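Thank you all for coming. I would like to take a few minutes to walk through one model, beginning with charged contacts and then turning to how the helices pack.

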Amino acid sequence: MKITNQTTKNAIKAQIMMANFTMAEVVDALSMEYGWSNSLSNFSAKLGRGSLRYVEALQLADVMGYDIVWHKRGRMANSSESAYAGSYGHRPCESLKRRDA
């Protein structure tokens, strides 16, 4: 699969939806937890431009209660070659209340 700004934006939006959050909820949590702008349009534009920095991706995953894990292709997921890219040990941000809970 070719990695483009659009495929990246769609993948992030899909991950937010699969975690049962709205984009607005995530933006609010990022604003509260990490001081991001609380503008949904700014967040959406950042995704569209492909200008999300790696540290911001880690923060995004963190507020949703996820870790970003790198593992070598063709290897088992629990291989010794896996590396956690960002594990802060946090639970999802308090401002993000799961809609399914």
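Which residue forms a salt bridge with Glu 56, the closest N and O atoms being 3.3 Å apart? That residue is Arg 53, where a salt bridge is defined as a side-chain nitrogen of Lys or Arg within 4 Å of a carboxyl oxygen of Asp or Glu.

Before going on, I should say that this is a predicted model, in which local features need pLDDT of at least 70 and side-chain atom pairs count only at pLDDT 80 or more, while totals for chains, interfaces and linings use all residues. Residues are numbered from 1 along each chain as its sequence is written, and side-chain values use heavy atoms, with hydrogens and water left out.

By the salt-bridge rule the count comes to two, and the other pairing to show you joins the side chains of Lys 46 and Glu 56, with an N to O distance of 3.2 Å. Lys 46 belongs to helix 3 and Glu 56 to helix 4, so this pair ties together parts that are ten residues apart in sequence; helices here are DSSP runs of H or I with at least four residues, numbered from the N terminus. Glu 56 is buried, at a relative accessible area of 7%, and Lys 46 also counts as buried, at 19%, given that buried means under 20% relative accessible area with a 1.4 Å probe and protein chains only. Through shared partners, the salt bridges join Lys 46, Arg 53 and Glu 56 into one network.

Turning to the packing, helix 2 and helix 3 meet at an angle of about 100 degrees, with their axes 9 Å apart, the axes being lines fitted to C-alpha atoms over the stretch in contact and the angles running from 0 to 180 degrees between N-to-C directions. That makes helix 2 roughly perpendicular to helix 3, a label that covers 65 to 115 degrees. Met 23, Ala 24, Val 27 and Leu 30 of helix 2 make this contact with Leu 40, Phe 43 and Leu 47 of helix 3, contact meaning heavy atoms within 4.5 Å.

Finally, the largest nonpolar core, a set of buried Ala, Val, Leu, Ile, Met, Phe, Trp, Tyr and Cys residues joined through side-chain atoms within 4.5 Å, has 15 residues, of which Ile 16, Val 26, Leu 30 and Phe 43 touch the most other members. Helix 1, helix 2, helix 3 and helix 4 each supply at least two residues of this core, and helix 2 gives the most, with five.

Terms used:
Buried means under 20% relative accessible area, exposed over 50%, partly exposed in between (1.4 Å probe, protein chains only). Angles under 35 degrees count as roughly parallel, over 145 as roughly antiparallel, 65 to 115 as roughly perpendicular and the rest as oblique.
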